[in-house]
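The following exercises concern the structure shown below. Each task is followed by a solution in steps.

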Amino acid sequence: MEQEKRAVRCIVCPLSCLGEVTIEKGEITIIKNMTCRRGELYAREEVVAPRRMLTTTVRIIGGELPLLPVVSEGVLPKDKVLACARHLADIVVHAPIKEGDVVCRDILGLGVNIVASRSMAGADIE
Amino acid sequence: MPMRKKADVVIIGGGIVGTAVARELARFKLDITLVEQHPDLSMGTTKANSAILHAGFDAAVGTLKAKLNVRGNELYRAWQEELGLDIKLIGSLVVATDEEGLLVLEQLHERGRQNGVPGLVLLSREAVLEREPHLTPATLGALFAPTGGIMDPFGVTLAFAENAVRNGVEVLTECKVEQVEVSDDEVVGVHTSQGFIEARYIINAAGVHADDISRSANDHSFAIHPRKGEYMLLDKSVGNFVRSVIFPTPSKVSKGIVIAPTVHHNTFVGPNALAIDDKEDLSTTAEGLAAIVAGAKSLVPGVPLNAAITQFAGLRAVADGDDFVIRPATGVRGLIHAAGIQSPGLTAAPAIAEMVVDILRSEGLSLHAKIDFCPENPARALFRDQEAPEKQKLIAENPLYGRVICRCEMVTEGDILDAIHRPCGARTLDGVKRRTRAGMGRCQGGFCGPRVTSILSRELKIPIPAVRKDTAGSFLFFDKIRGTHEVKDHE
Amino acid sequence: MNEKHYDVVVIGGGPAGLAAALSASEQGAARVLVIERDRELGGILQQCIHNGFGLHRFDTELTGPGYAERYIKMVKATPSIDVLLDTMVVDLMPDKTVLAINSVEGLQKITCPAIVLAMGCRERTRGAIRIPGTRPAGVLTAGAAQRMVNMEGYIPGKKVVILGSGDIGLIMARRMTLEGAKVLAVFEIMPHSSGLTRNVVQCLEDFNIPLHLSHTVTAIHGRERITGLTYAAVDENLRPLPGTEKYLACDCLLLSVGLIPENELSREIGLNMDALTGGPVVNQERETSLPGFFAAGNVVHVHDLVDFVSEEGDIAGRFAAHLAQGQTNVGAQEFSVTPGHGVRTVVPQKIKIDVKDPGTAKLYLRVAEPQRKITLSVSSGGMTLLEKRFPVAKPGEMIVLELDASQLEKVVGDVIVEIKR
């Protein structure tokens, strides 16, 4: 029987429990060393489908600054985060921008939008 | 600016010696070009030293060092006025902490007298400790030299260069001499990275590379043995921990580990002395820093080393025989060496220039004085040194004097623009730093660095990735990586 | 010279200053001025494009710029608050005269009855920690790199090493990776990371960036740009262990080796300083040793959560406004608050208590070393006022203890905050 044990450091609360997840035949069978339920849920998610927020910048033309900080409107699959960031590296938007404006819709077909983290006025506006 | 293809004199090296020579030669009706390999002046030994104006009691009697030290010290009095040099005569103290040291003090006193050093006096233990309360209680006495002091080597070098340029000298940076061209044992010119410059007279003020220059003209009469010295600089908040330049009693190899204020109210400790082979080695080492710390503590036990803001190293250009090499080349007419300029090089510089002019004259160069030679530089005060009404006036004339870029040293955008656009202006981050002090404070450029970089990019009309820290290849930043190009491990 | 008068002047327009200005205004200060040296408000938040800000304050995780924008909107919507941007305070006097300078009005003098110092902090430099070696381009502090990467649009290198595993170092490890650079390693001199576990996981482990604890950089190499560095293991005294040195080729070294509250102005006017926090000594109203001078945010002590910074700004602004309107409490007695066993720093370092109306006070502290299963106790004159159990306590995570009126009433002498033995 193929049994894989994986360590998962929980980040839900400051206890930072170091849990251990056992996977057999692609299924989670045991979760050990998590002090609470939230930790167990987190461990499960981390092993099955870890997801992360993405924050990065895109280029903006005509703005007060040359870059606009952006944030994903939800979590993305962890293993796609870097690819999303690299995709956004080529994106250019134009000022003015309002916080929340969509900068990239449904990034890489993952069903998550990337939006502006802040508003940015045009450079000629005082 | 088109480069002169022919000059009467080419000066190799843009340190304090080369620029002093340029300034003196600028008095005469001559076409002069100074070539400097780096993007800025004073990038060699002139950049990293003790910044001390030596009184002149240390050098052996009868040496060029001794003679030119005292003469240079004297000449600075006049030059300081004319050129607005930042020099402070705070005096030097050689401190003895044992009986042997006291004997050395007497030797130095006598030597100084023979060298013509004015005002030397031996101080008693009480007198010394009253002057310098932070000195070690093991102090037994000291030799005090009122003509000793401190200076700003970059500022002085730039002032020489600016005055030279004002009077018609051409200064070329990023112009490296590859070869001195000789024909029939006579100099005909120099091959540089920017092309050939025809010239009958060449001044070799190339610092640690002076022997390389000499050899390229087939003169193998001397070699330079670089000796590295490390330094530590302490924050201004430490204040005037010591009043004068404090020396220990000297050894055969060096004047010893000094502790001294700087003209900008920092305090520095150093240097140690280490013979090295690599002329490009400017690294500080844990051992070196420990040695200078120990040296400093033995003189001033309470020196607050946790106030260190930076460490750096410099190379002394030591020639065989240990004295300056200031003479016509051996076997080659037209090449004049101003080499082996280690300590007291900064102090001797005006006198070295004087001597080089004399040598040129006796080597046949006609020297006709310019009627319109302008010995002064226009007054150029930094914003922070002005009084409030002058500050307001400056801002009214140029609003950029109202934007403070470097908080730690109170440097405004107006100052930085001036530093970039004036003759021999800054073209690098450290060039701005040396001219304005932006980045020399306690945050060491953390806040102002990106801003100065932007200003350089804008003013020099170059993209940000083309802005350099100091040397030709010291680029600071890169364009962001394009979307599809991820850096792999083995790239 | 241009002369202006305000009720409260706030020096610094970052999260602490913005909160103080709003709070001062809410508390009735008629005219409040915020002086900010950058071209826009927000302070360091504008370059902190990652999220994790505001969980306590706004019940949601915002990015730094998002958090800043909320405060900036509120400030802009408050007519009693004036803002001077691109303006540097060059001089501060004990009589509360502020000398500031900008390119529009030149030198200007501002007077007021109350000042809030909110200047934030700066980063510890290479020179301060004395890394030997050469001084090439490509060595910079993580915060300076963050500004260039997130606001100016350039990267400092493509093969990066980071010294220091505090949050800034960890965040930049991820940031550089997302920018397509390769982060080769993070070195941390202590045996544990001082950053949030969440950052160790999401910035290092997510990207397989090795974290070398108990290691440090012992030399920098490269003549023009950095070409590599030497690193070594350290002993329990944090000294490099001879024989463990290794070379690592890289083209960029980012330093995340500590933050220092920026107190040049505070020192200029002679405020009592706390050598442990690096900031001025303050009481629970955030008033310093000089009446009328208040302080909040990173300038008092380095924070990890901006929510607490805003809280401090609220407090400082409120009491600055009270003072400006002539409401002072003369009936109060002042006591010291000192860190005891196991506690490294506590703010405020003073508590003033009016027995008629003691109010409440929050103590913000940091433990000296990572701990498990401790009890923190607050006592005065030998009597325990408050005890609280913590399953985990780390130096990198500030702890807040709240004393209510009934507890403050019992303060009879100096207050000690310590780990119960």
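**Exercise 1.** Determine how many bridges join strand 1 of chain A to strand 2 of chain A, and place these strands in their sheet.

*Solution.* Step 1: strand 1 and strand 2 (residues 18-24) of chain A run antiparallel and are joined by seven bridges. Strands here are DSSP runs (E, at least two residues), helices are runs of H or I with at least four residues, and both are numbered from the N terminus; two strands pair if DSSP finds at least two bridges between them.
Step 2: within this pairing, A:Arg9 stands opposite A:Leu18 of strand 2.
Step 3: the open sheet in chain A consists of three strands in the order 1-2-3, with antiparallel pairing. Strand 1 (3-9) and strand 3 (27-32) of chain A each have a single partner strand and stand at the edges, so one side of each lacks a neighbour in the sheet.
Step 4: on average, neighbouring strands of this sheet are turned by 25° against each other, direction ignored; the axes are lines fitted to C-alpha atoms.

The model is predicted: local features need pLDDT of at least 70, side-chain atom pairs count only at pLDDT 80 or more, and totals for chains, interfaces and linings use all residues. Residues are numbered from 1 along each chain as its sequence is written, chains are lettered from A and ligands numbered from 1 in the order in which they are written, and side-chain values use heavy atoms, with hydrogens and water left out.

**Exercise 2.** State which residues of helix 9 of chain B are buried, and where they lie around the axis.

*Solution.* Step 1: in helix 9 (residues 388-397) of chain B, the buried residues are B:Lys391, B:Leu394 and B:Ile395. Buried means under 20% relative accessible area, exposed over 50%, and partly exposed in between (1.4 Å probe, protein chains only).
Step 2: these residues cover an arc of only 95° around the axis, which puts them on the same side of helix 9 of chain B; the arc is that of the directions from the helix axis to the C-beta atoms.
Step 3: B:Pro389, B:Lys393, B:Ala396 and B:Glu397 are exposed on the other side of this helix.
Step 4: the cover over the buried residues includes strand 8 (98-102) and strand 9 (106-111) of chain C.

**Exercise 3.** Describe the secondary structure and the dimensions of chain C.

*Solution.* Step 1: chain C has nine helices and 30 strands.
Step 2: its radius of gyration is 22 Å, close to the 22 Å that the globule rule gives for 421 residues, so chain C is as compact as a globular protein of that length. The radius is taken over C-alpha atoms, and the rule is 2.2 Å times the number of residues to the power 0.38.
Step 3: along the principal axes, the C-alpha atoms of chain C fill a box of roughly 65 × 60 × 40 Å.

Conventions:
Axes are lines fitted to C-alpha atoms, for helices over the stretch in contact, and angles run from 0 to 180 degrees between N-to-C directions. Contact means heavy atoms within 4.5 Å.
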